[in-house]
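Here are some short exercises to work through with the model open beside you. Try each task before reading its solution.

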Amino acid sequence: MTGAIILAAGKGERIGNIDKAFITLVDKPMIAYSLLACESCTDIDYIVVVTRPERFDTVAAIAKDFNITKLSSVVAGGNRRQDSVLSGISALPSQTQFVAIHDAARPLVKPELFSLCLASARKNGTGIAAHKIYDTVKECNDDCIVLKTLNREKLRTTATPQAFSLPLLIKALTYANDNDITVTDDAAAVELLSEPIQLIEWNDNNMKVTIKEDALFVSYLLKYFKGNC
Ligand code: CTP
Ligand code: MG
């Protein structure tokens, strides 16, 4: 069985300390877009949402409004993103073999991307949404003096969904916690185990809403392209 964990327990500091997963984009709360993508993805059996306890009722109401039948639990998050992921894992039904972790802050996600990441997780243990880089990237020192230009053909940014075989993800996050290592994505925890990580190239827009302008831009894409961009 396969679960999806939707993360919505952050503080939204960079967008002005707001619970950004619940702001309205066009005509829906941001988190509803990710819930709908999971609902229509036939490779996902159930959904766990991780959020603040004061939002539990809101999530239940959104699930009802948008006919999300796969929602199995809503649980509290932790201080760091990786703590929220572990909290979500603890709520997965015991028969779960594969899991896709997804940021509620990425409302442009498509069901097909979940499927591609999960298919790779089944085959390789991991399947991580990744994007090509269009800018030139420089490595610099603390004084902003350029050390070198990186070869962007070999660079990718990682996004979510990130799909894993569940035992591998648990092992990786436990290792990071036991060694006091904070990671910025789940793939980075798997890297600590020196396990291979399979990226899934996806070049449709799947940006994360981090600052206010992002919310405006994503709303525009959702409204005028219906998210097909
Ligand atoms: N997240 C979470 N638990 C945390 C931190 C983050 O569930 N302790 C979730 C956020 O809700 C978001 C996703 O992880 O959907 C990506 O994180 P980010 O964009 O950094 O969101 P925030 O942490 O809320 O924002 P900021 O870092 O600006 O405070
Ligand atoms: Mg954050």
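## Exercise 1: Placing a proline

Pro 111 counts as buried because its relative accessibility is 19%, where buried means under 20% relative accessible area, exposed over 50% and partly exposed in between (1.4 Å probe, protein chains only). The model is a predicted one, in which local features need pLDDT of at least 70 and side-chain atom pairs count only at pLDDT 80 or more, while totals for chains, interfaces and linings use all residues. Residues are numbered from 1 along each chain as its sequence is written, and side-chain values use heavy atoms, with hydrogens and water left out.

Task: In which helix is Pro 111 found?

Solution. Pro 111 belongs to helix 4, residues 111-124; helices (H or I, at least four residues) and strands (E, at least two) are DSSP runs, numbered from the N terminus. Next, look at Ala 37: its C-alpha atom is 4.9 Å from that of Pro 111, though the two are 74 residues apart along the chain.

## Exercise 2: Following salt bridges

Task: Which residue forms a salt bridge with Asp 19, and where do the two partners lie?

Solution. Start with the rule: a salt bridge is a side-chain nitrogen of Lys or Arg within 4 Å of a carboxyl oxygen of Asp or Glu. The partner is Arg 52, with the closest N and O atoms 3.8 Å apart. This pair links distant parts of the chain, 33 residues apart: Asp 19 sits in the loop between strand 1 and strand 2 (24-25), and Arg 52 in the loop between strand 4 (46-51) and helix 2 (56-65). Now compare accessibility: Asp 19 is buried because its value is 13%, whereas Arg 52, at 27%, is partly exposed. Arg 52 also meets Glu 54 in a salt bridge (3.9 Å, N to O), and Glu 54 is exposed at 57%.

For another pair, turn to Asp 83 and Arg 80, whose closest N and O atoms are 3.0 Å apart.

## Exercise 3: Reading the largest pocket

Task: Which strand gives the most residues to the lining of the largest pocket?

Solution. A pocket is an open set of points on a 1 Å grid over the protein atoms alone, where a 1.4 Å probe fits, with protein on both sides within 12 Å along at least five of seven lines; lining residues have an atom within 4 Å of a point. The largest pocket holds about 860 Å³ of space. Its lining has 33 residues, and those closest to the centre are Gly 10, Arg 14, Lys 20, Arg 81 and Lys 208. Strand 1 (2-8), helix 3 (81-90) and strand 10 (156-165) each supply at least two lining residues. Strand 10 gives the most, with four.

Technical notes. Chains lettered and ligands numbered in written order. Points joined across faces, edges and corners; volume = space filled by probe spheres on them.
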